[in-house]
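I opened the notebook to jot down what I looked up in this model. Empty space comes first, then a helix and a couple of single residues.

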Amino acid sequence: MMRIDIISAVPELMSSFLSHSIVKRAINNALVEIHFHDLRAFGIGKFNKIDDYPYGGESGMILSCEPLAKCISSLRDQFDYDEIIYLTPDAQVLKQAEVNRLSLKTNLMMICGHYKGIDQRIRDEFVTLEISIGDYVLSGGEIAACVLTDSIIRLIPGALGDEMSALSDSFQDSLLSYPVYTRPKVWRDREVPEVLLSGDHKKIDAWRHEKALEKTKQIRPDLLG
Ligand code: 6GU
């Protein structure tokens, strides 16, 4: 069973997203546990303060060391983490290969920061892996933690159900997905490609590979190296 602990100042942003669909089934089938930890509970003083102004000036607030350290330490005392992950735009961009690797782990911790970040010393002291989900800026790490969690959990054996397979996903073989069709055969004069109706699975596989290659060349040539 995998365990994911997510630290955030706004955990309620994630609980709804991570209690539906494939993630919900994985939780119900005891494949994974997700635990949210409200950083505010580790805040300092009468107002449970968790952030402060950056040294050197600049706008925005930075998550302070002590509340994060207390929260991370309390978890680390109880569980042996394979990775302590900080979600941040100033990091390596997440790729499917890394998701595949993380899906084999047992205990993962994820830390969500304000978009201006967390004190560097927390990164130096605790974080073992830093991940960005793309070259754009979000207002916090929570959406990124949902993205990472979803992408990992759907790969746990049993999460997808027998009728689905992650092996045919876009990116799993460095190609974008081929086009797919369902009934009816003709819709607004647009026909389903003949080959898909042929029943010839060798021909269908070849067609799909060709289409995937074509699409990848056109819109993501960087994936072909
Ligand atoms: Cl992980 N966090 C934030 N705040 N923005 C991002 C991101 C993460 N990844 C891409 N943009």
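These entries go through the domains, the pockets, the cavity, one helix and two residues.

**Entry: domains**
I'm working from a predicted model. I began with the domain split: domain 1 takes in 2–153, and domain 2 takes in 170–224. Taken over C-alpha atoms, the centres of domain 1 and domain 2 are 37 Å apart.

**Entry: largest pocket**
I looked up the largest pocket next and got about 420 Å³ of space. The lining has 17 residues, and those closest to the pocket's centre are Leu94, Lys95, Gln96, Ala97 and Phe171. I then checked which elements give two or more residues to this lining, and found α4 (96–102) and α6. By class I noted eight nonpolar, four polar and five charged residues.

Where does the largest pocket lie with respect to domain 1 and domain 2? Both domains give residues to its lining, so I have it down as lying between them.

**Entry: second largest pocket**
The second largest pocket holds about 180 Å³. I listed its lining as Asp52, Tyr53, Pro54, Tyr55, Ile62, Leu63, Ser64, Asp119 and Arg121. That lining breaks down into five nonpolar, one polar and three charged residues.

**Entry: cavity**
How many cavities of 30 Å³ or more are there? I found one. The volume of this largest cavity is about 150 Å³. Its lining is made of 18 residues, with Thr88, Pro89, Leu138, Gly140 and Gly141 the closest to the centre.

Then I asked where the lining comes from. β5 (83–93) and β7 (129–132) each supply at least two of the lining residues. The largest share is from β5, which gives four residues. On class, I wrote down ten nonpolar and eight polar residues, with no charged ones in the cavity lining.

**Entry: helix α6**
Back to α6, since this helix turned up in the lining of the largest pocket. It covers residues 142–153. I tested its length: at 1.5 Å a residue, its twelve residues should span 16 Å, and the end C-alpha atoms are 16 Å apart, so the two agree.

Is α6 largely enclosed or largely open? Nine of its twelve residues are buried, so I call α6 largely enclosed by the rest of the structure. The buried ones are Glu142, Ala144, Ala145, Cys146, Leu148, Thr149, Ser151, Ile152 and Ile153.

**Entry: serine 151**
I picked serine 151 out of α6 for a closer look. Its relative accessible area is 15%, and the cut-off for buried is under 20%, so serine 151 counts as buried. Which residues is serine 151 in contact with, leaving aside its neighbours within four places in sequence? I get Leu94 and Val99. I'd already met Leu94 among the residues closest to the centre of the largest pocket.

**Entry: arginine 3**
Last one: arginine 3, which sits in strand β1 (residues 2–8). Buried or exposed? Buried, because its relative accessible area comes to 12%, again under the 20% limit. Not counting residues up to four places away in sequence, I see arginine 3 touching Glu33, His35, Phe79, Thr106, Asn107 and Leu108.

Definitions and conventions
Residues numbered from 1 in each chain as written. Predicted model: local features only at pLDDT ≥ 70, side-chain atom pairs only at ≥ 80, totals over all residues. Heavy atoms only, no water. 1 Å grid on protein atoms, 1.4 Å probe; cavity = no way out; pocket = protein on both sides within 12 Å on 5 of 7 lines; lining within 4 Å. Points joined across faces, edges and corners; volume = space filled by probe spheres on them. Nonpolar A, V, L, I, M, F, W, Y, C, P; charged D, E, K, R; others polar. Buried < 20%, exposed > 50% of the residue type's maximum accessible area, 1.4 Å probe, protein only. Contact = heavy atoms within 4.5 Å. Expected span 1.5 Å × (residues − 1). Domains from an automatic or database assignment.
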